[in-house]
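Biologist: I have a structure to learn from. Can we go through it in short questions?

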Amino acid sequence: MNPVEKHAGKLFILSGPSGAGKGTICKALLAETDLELSVSMTTRNPRAGETEGESYYFVSKEEFLRKIDASGFLEYAEVYGNFYGTPKQPVIDKLSAGTDVILEIDMQGALKVKENYPDGVFIFILPPSMSELRKRLTGRGTETAEAIEMRLGETLKELSYIDKYDYCVVNGQLEEAVARVKAIVTAEHSRVTFTAEELISRYKEEA
Ligand code: 5GP
């Protein structure tokens with residue numbers, strides 16, 4: 001028996017300006033750790049290469065609104081004209097089964113999760129600079145010049161929420177950023193989350 005064994009999983013929220021690379025970091029984490037991704041629901045159209053149930057659950061606006069009415073989301077937000085939300089039940093099920101869950105969501109959503117689930121670990125992913133962010137958003141080729149300028153303007157506003165977060169990671173070098181997030185996950189599992197009595201009784205059981 002591990003005397004400080006965890007029973008419930010931890011909820012990690014990876015958030016930050018769009019183009020900071022949270023999606024890429026998240027993919028690497030899923031490949032290299034036991035973290036499980038919460039697959040979001042969205043009303044936006046699938047992009048080339050995206051798959052239903054893996055990238056997102058793609059639904060109509062009507063279906064999304066029905067799920068809001070049924071209190072089916074941990075959080076949801078309207079991002080650039082489309083709805084995005086975190087289905088609540090799968091997250092609760094995974095956490096209670098002892099699995100760590102990662103949410104890769106925008107900042108409005110992260111702030112809502114913080115209100116409802118303050119035990120979450122909030123990680124802010126930052127771009128190394130505004131010029132690098134512009135380059136990344138342009139390189140994606142999925143947005144118009146106007147949309148990119150709008151996202152850059154949003155980024156500056158979003159930086160003001162940094163004090164709501166527990167950690168920040170600058171995504172200059174992908175491997176380094178991934179290593180830092182992994183270190184955060186490890187550190188969070190080393191927190192003292194039990195009383196002295198609980199600890200002593202666990203050691204006594206074994207003695
Ligand atoms: P994209 O359309 O590029 O996939 O995502 C646009 C933005 O929506 C990104 O910042 C992404 O992190 C965010 N997003 C994705 N899923 C969710 C979600 O479930 N809730 C919220 N609030 N934002 C999300």
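Modeller: Start with classes: Ala, Val, Leu, Ile, Met, Phe, Trp, Tyr, Cys and Pro count as nonpolar, Asp, Glu, Lys and Arg as charged, and the others, Gly among them, as polar. This is a predicted model, so local features need pLDDT of at least 70, side-chain atom pairs count only at pLDDT 80 or more, and totals for chains, interfaces and linings use all residues. Residues are numbered from 1 along each chain as its sequence is written, and side-chain values use heavy atoms, with hydrogens and water left out.

Biologist: How many residues surround the ligand?

Modeller: A residue is near a molecule if one of its heavy atoms lies within 4 Å of it. By class, the shell has five nonpolar, four polar and six charged residues. The closest include Arg-44 and Tyr-56, and the full count is 15.

Biologist: Which residue has a side-chain N or O atom 2.4 Å from an oxygen atom of the ligand?

Modeller: A polar contact is a pair of N or O atoms within 3.5 Å. The side chain of Ser-40 has such an atom 2.6 Å from a ligand oxygen. For Glu-75, a polar side-chain atom lies 2.7 Å from a ligand nitrogen. The 2.4 Å pair belongs to Tyr-84.

Biologist: Which two strands each supply at least two residues of the shell around the ligand?

Modeller: Strands are DSSP runs of E, at least two residues long, numbered from the N terminus. One run covers 73–79 and another covers 82–87. Six bridges join the two, and they run antiparallel. They are strand 5 and strand 6.

Biologist: What is the strand order in the open sheet with mixed pairing?

Modeller: Two strands pair if DSSP finds at least two bridges between them. This sheet has four strands. Its edges, each pairing on one side only, are strand 4 (57–58) and strand 5. The order is 4-3-6-5.

Biologist: Which residue in strand 7 is the bridge partner of Leu-14?

Modeller: Another open sheet has five strands in the order 2-7-1-8-9, with parallel pairing. There, four bridges join strand 1 (residues 11–15) to strand 7 (residues 101–104). The partner of Leu-14 is Glu-104.

Key
Polar contact = N/O pair within 3.5 Å; in protein donor to acceptor, adjacent residues only side chain to side chain.
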